[in-house]
Every structure is written in C-alpha cells, then in structure tokens.
Amino acid sequence: MKLKTLTKLGMALGLGFLLAACSGDDSSKSDGNSKDVNLAYVEWDTEIASTNVVGQVLEDLGYNVTLTPLDNAIMWEAVSKGDADGMVAAWLPNTHGEQYKKYKNDLDELGENLAGAKIGLVVPSYMDVNSIEDLKNQADHTITGIEPGAGITAATEKALDEYDNLADWNLITSSSGAMTTSLAKAIKNKEDIIVTGWSPHWKFAKYDLKYLEDPKEIFGGEETINTFARKGLKEDNPDVYSVLDNFHWTSEDLESVMLEVMDGKDPKQAAKDWVEANPDKVAEWTKDVKK
C-alpha cells in the first residue's frame, strides 16, 4: 500500500480566507487609478524568484504590491475569482494541466514567460540508475517530494501506479525547501536519494544531478512557465496588465536570482539587485506603460 501523505489543506484554506479578506474591498477590481496589485504564487524556488522580480518592477512603477503565497490549486482559484490580479507561475502543459482545464475559461492567458522547463524524478549522478525502470530498492523504496498540491506530486503518484517496479514504493511530501535539505544531506553522505525535481532550479547548478528517463512519459516533455491574469485586469489597470503580458526571461535569468536567494539573500533584495542589473530587459517589459 502506497503512503498517502498529509496535505496542507488547513494552511492553504487559511491563506485562501486571508486572501479573500484582504480583497474584500474589491481594490483589485477598481478603476485604472488603483495602485494596489496582488500577485499570487506557490512557494517554489522558481516562483519565489520570478514573482519577486515582477513585483519589484511594478513597485518601481509606483504600485503597492502584495505577493501572496498559496497552495497551487488555490492560486489558480484566487486569480480565476479575481481575488488576485495575476500569477507568473503556471507550468504547462502537464504539471498544472488539471488546474488549467478547470480554470482556463475564467482567466486571461498571457502566454509563456519562460521556455524549456522540465519536471521528473532526479537523482545524484553517482547513483547507478538512469531510468525510472531501474529503481529497485534504493533509498528505502522512498521518493522525496514537495507539497501535496503540486502538479509534480500528482505525476509522481501516477508513476507509482504505472511503473510495476514502484508498486511498493512510497512518496513522502513536505515542501520544496525540505526536499532540497534532504537532497543536500544525502549528497554530503553520498547516500541514495530520489527527489521530485524540476528545472530551472538552482540545485542543478549546485549539485551534479540527472533526470531519470521516463519511458512511460508520465512526467511529459518540455514545459513552459506561463502568465495568467484575472478577467478585467486589462480594462481596470492596463499598465499592470502590459507588464505581465510583456514579462519574459530565460532560465539563466531565473537561476541567477534563485542562486542569490539560496545563498542567503532576501528574495526581495535579490529581485531588486537583478532588476537594477538588467535595465534593458526591464525596459522591454515596461515599454507599453503610459509615462
């Protein structure tokens, strides 16, 4: 019997109620004079970096920016209901495919902000396995995962069902931070570990890692990270909408911010430093803002 982990439903619902309470004055749906912006995100390293960068750009334009961390499913729901103005944290077509199908008709889809993303099972390169089908009794039959609500968690649970050799394996979920802590400890001791992984991510720059081949294509192929806005944002606040619409950067850009945060810099400061160091890219994102 596979281990089903406890979810963070209580925390997620609490954050959802908090978000709803904060947006109860409908400030996110006010006319074009509103200077309040609420961006939703999941507390993954990639989304912490990207959301802080976009938030910093908007703050530099004079907006009062709130960044609201939410469970993945609630993030989609919050933007679809107008409780948040937008997000730059949607992984498609596979990772957030279920949420996309459920909420796409209630969102404005602004396209990709980063290409070449990927998810899958990741191991240290010193492990003598190259495919999911090679897994037998490594790491105590355990895969170390992240949040229960994440798309990669759902894909991993499907992999446990689809791969016969994983029939007696367990998926342990907690958080992306706990996952990277476990990874670092295992590598330090040169122990076996299998984690749910995605790229871009700073761990690939810090450690020698590899994705396990996925013959059944449970985790899908290359993905993009996409931007969505609430319905009506374009009319209510066209400048914020245009910044979100124009936001696009590379894996190298994103990983440079993530590495700064991983090394101990505050995410807001890391974002501020990146924005100051990349005026040409920021100018492209803000080119349609009315001066």
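In which strand is the place of Ile143? In this predicted model, Ile143 belongs to strand 5, which covers residues 142-144. Its relative accessible area is 0%, and Ile143 is therefore counted as buried, the cut-off for that class being under 20%. When residues up to four places away in sequence are set aside, Ile143 touches Leu121, Thr156, Leu160, Trp169, Asn170, Leu171, Ile172, Ile194, Val195 and Thr196. Between the C-alpha atoms of Ile143 and Leu166, which are 23 residues apart in sequence, the distance in space is 10.0 Å.

The protein as a whole contains twelve helices and nine strands. Of its 291 residues, 52% are buried, and the area that the protein exposes comes to about 13,200 Å², with carbon and sulfur atoms supplying 48% of it. When contacts between residues at least 6 apart in sequence are considered, 82% of them join residues that are at least 24 apart.

The packing of one pair of helices can be described in some detail. Helix 2, which spans residues 45-60, and helix 10, which spans residues 251-262, have axes that come within 9 Å and cross at roughly 100 degrees. The two helices are therefore roughly perpendicular to each other, since crossing angles of 65 to 115 degrees are placed in that class. On the side of helix 2 the contact is made by Asp45, Thr46, Ala49, Ser50 and Val53, and on the side of helix 10 by Leu254, Val257 and Met258. By residue type, the contact of helix 2 with helix 10 comprises five nonpolar residues, two polar residues and one charged residue.

Glu47 also lies in helix 2. With a relative accessibility of 1%, Glu47 counts as buried, and its side chain makes a polar contact of 3.3 Å with the side chain of Trp91. Trp91 is also one of the residues that Glu47 touches when those up to four places away in sequence are not counted, the others being Tyr41, Val42, Asn52, Val88, Ala89 and Ile225. From C-alpha to C-alpha, Glu47 and Pro69 are 9.6 Å apart in space, and along the sequence they are separated by 22 residues. A further side-chain contact involves Asn237, a residue of the loop between helix 8 (233-236) and helix 9 (238-246). Asn237 is buried, with a relative accessible area of 5%, and a polar contact of 3.3 Å joins its side chain to that of Tyr63.

Cis peptide bonds are found before two proline residues, Pro93 and Pro200. The bond from Leu92 to Pro93 has omega near 10 degrees, and Pro93 is located in the loop that runs between strand 3 (86-92) and helix 4 (97-103). The bond from Ser199 to Pro200 likewise has omega near 10 degrees, with Pro200 placed in the loop between strand 7 (195-199) and helix 7 (203-206).

Positive phi values outside glycine were assigned to Lys190 and Glu217. For Lys190 the angle is about 50 degrees, and the residue lies in the loop between helix 6 (176-188) and strand 7. Lys190 has a relative accessibility of 60% and so counts as exposed, the class that begins over 50%. For Glu217 the phi angle is about 55 degrees, and the residue is part of the loop between strand 8 (209-211) and strand 9 (223-230); at 62% relative accessibility, Glu217 likewise counts as exposed.

The loop between helix 6 and strand 7 also contains Asp192. Asp192 has a relative accessible area of 38% and is therefore partly exposed. Leaving aside neighbours within four places in sequence, Asp192 is in contact with Met127, Gln138 and Ala139. The C-alpha atoms of Asp192 and Pro124 are separated by 7.7 Å, although the two residues stand 68 residues apart along the chain.

How values were computed: Residues numbered from 1 in each chain as written. Predicted model: local features only at pLDDT ≥ 70, side-chain atom pairs only at ≥ 80, totals over all residues. Heavy atoms only, no water. Helix = DSSP H or I, 4+ residues; strand = E, 2+ residues; numbered from the N terminus. Buried < 20%, exposed > 50% of the residue type's maximum accessible area, 1.4 Å probe, protein only. Contact = heavy atoms within 4.5 Å. Areas by Shrake-Rupley, 256 points an atom, 1.4 Å probe, with all protein chains shown as cover. Axes fitted to C-alpha atoms, helices over the stretch in contact; angles between N-to-C directions. Parallel < 35°, antiparallel > 145°, perpendicular 65-115°, else oblique. Nonpolar A, V, L, I, M, F, W, Y, C, P; charged D, E, K, R; others polar. Polar contact = N/O pair within 3.5 Å; in protein donor to acceptor, adjacent residues only side chain to side chain.
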